[in-house]
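Please open the model in a viewer and keep the sequence panel at hand. The tour below proceeds by selection, with a description of what each selection shows.

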Amino acid sequence: MSVNPQIEASWLSVLQDEFQKPYFSELKNFLVEEKRRFAVYPAGNKMFEAFNRTPFDNVKVVLLGQDPYHGYGQAEGLCFSVPDGVRMPPSLINILKELQDDLGYPFPKSGHLGKWADQGVLLLNATLSVRNGQAGSHQNHGWEIFTDEIIKQLSIRKTGLVFILWGSYAISKKKLIDLSRHHVLETVHPSPLSAHRGFFGCRHFSKTNALLATPIDWQL
C-alpha cells in the first residue's frame with residue numbers, strides 16, 4: 001500500500017487526513033507482514049473496490065458488512081458480493097432469496113453485486129482484508145477506525161442516505177449516524193443461523209427504494 005492508496009478522487013479528498021495518521025501507518029505495516037507470510041484477500045487492487053465503484057459523491061445507500069470472505073476467489077472488495085462464476089456463500093443466497101421475495105425478481109445466476117455499487121450502494125465491510133481461511137483475522141488492526149470514519153463522514157457531509165444494518169455488529173455502528181439526517185433499516189444477519197428470526201420478510205430492498213428520490217434497480 002502506498003502513502004495514499006489508489007482510491008477514487010472524491011474519497012481521497014474526504015479521507016486524505018486518515019492516510020497520514022499513525023494507526024494507518026501501523027495498519028500498512030501489518031498488511032505488508034501478513035502478505036509476506038499468508039495469502040490475504042481480497043487482492044490488493046480490490047481492497048478499495050467499494051470506493052472505486054461508488055464514489056463519495058454518488059453514495060445513496062450504505063450496506064454494512066463485517067469481514068471479507070476468507071475463501072479463495074470469493075472476496076472482491078464489495079461486502080457480501082462474489083465474482084461471477086464463484087459459488088454463492090449461504091448469507092448471500094439468503095440475501096438474494098429475500099430480494100426475490102421482496103421484489104419478485106428471478107433468483108440471479110451470479111452473486112456479483114457490482115450493479116448495486118454502480119448505482120450508489122456503498123458495499124462497505126468494516127474490515128477490508130482477511131487472512132486466507134481465518135475469519136476475523138484482520139480485525140482490531142486499524143481497519144475499523146478507518147471505516148468508522150467513513151460512516152461518520154457520510155453522516156456529516158450528506159443527507160438522506162439509507163443505512164442498511166444486518167446483524168448486531170452492523171447495528172452497533174448506528175451510534176455513528178445522525179438519525180435526524182439519515183434513514184436506518186436494521187434486522188438480524190442473513191446468516192443461516194439467524195435469517196429466520198427476522199431477515200426473511202424484512203423487505204429492506206423495497207423499503208430502501210421508498211425512501212429514495214431515485215430508486216435502486218436491485219435486479220441482478
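Which residues of helix 2 meet which residues of helix 6? In this predicted model, select helix 2, residues 22–37, together with helix 6, residues 143–157. On the helix 2 side the meeting residues are Y23, F24, L27 and L31; on the helix 6 side they are W143, I145 and F146. By class, this contact contains 7 nonpolar residues, with no polar and no charged ones. The two axes are 9 Å apart and make an angle of about 130°. Helix 2 and helix 6 are therefore oblique to each other.

**Two backbone details**

Next, select N140, in the loop that joins strand 4 (130–131) to helix 6. Its phi is positive, about 65°, although N140 is not a glycine. Then move to Y41 and P42: the peptide bond from Y41 to P42 is cis, and its omega is near -5°. P42 belongs to the loop between strand 1 (40–41) and helix 3 (49–53).

**The sheet**

Now display the strands as a cartoon and select strands 3, 2, 5 and 6. In that order, these 4 strands form an open sheet with parallel pairing. Which strands stand at its edges? They are strand 3 (121–125) and strand 6 (183–187); each has a single partner strand, so one side of each is left without a neighbour in the sheet. On average, neighbouring strands of this sheet are turned by 20° against each other, direction ignored.

For a closer view, select strand 5, residues 162–166, with strand 6: the two pair in the parallel sense over 5 bridges. Within this pair, V162 stands opposite H183 of strand 6. Add helix 8, residues 204–211, which packs on the sheet and touches strand 2 (61–65), strand 5 and strand 6. The direction of helix 8 makes about 175° with that of strand 6.

**Helix 4 against helix 8**

Keep helix 8 and add helix 4, residues 90–103. At what angle do the two helices pack? The angle is about 60°, and the axes are 8 Å apart. That angle makes helix 4 oblique to helix 8. To see the contact, show the side chains of I95, E98, L99, D102 and L103 in helix 4 and of H204, F205 and S206 in helix 8. Its residues divide into 4 nonpolar, 2 polar and 2 charged.

**The largest pocket**

Select Q66, D67, P68, Y69 and H189 next. These residues lie nearest the centre of the largest pocket, which is lined by 33 residues. The volume of this pocket is about 560 Å³. Which elements each supply at least two residues of its lining? They are strand 2, helix 4 and helix 7 (168–171). Helix 7 gives the most, with 3 residues. By class, the lining of the largest pocket has 17 nonpolar, 14 polar and 2 charged residues.

**The cavity**

The last stop is an enclosed space. How many cavities of 30 Å³ or more does a search of the whole structure find? The search finds 1, and the volume of the largest cavity is about 30 Å³. To locate this cavity, select its lining: L96, L99, Q100, Y105, P106, P108, Q219 and L220. The lining of the largest cavity divides into 6 nonpolar residues, 2 polar residues and no charged residues. L99 has already appeared on this tour, since L99 of helix 4 takes part in the contact with helix 8; here L99 is also one of the residues that line the largest cavity.

Key
Residues numbered from 1 in each chain as written. Predicted model: local features only at pLDDT ≥ 70, side-chain atom pairs only at ≥ 80, totals over all residues. Heavy atoms only, no water. 1 Å grid on protein atoms, 1.4 Å probe; cavity = no way out; pocket = protein on both sides within 12 Å on 5 of 7 lines; lining within 4 Å. Points joined across faces, edges and corners; volume = space filled by probe spheres on them. Nonpolar A, V, L, I, M, F, W, Y, C, P; charged D, E, K, R; others polar. Pairing = 2+ DSSP bridges. Axes fitted to C-alpha atoms, helices over the stretch in contact; angles between N-to-C directions. Contact = heavy atoms within 4.5 Å. Parallel < 35°, antiparallel > 145°, perpendicular 65-115°, else oblique.
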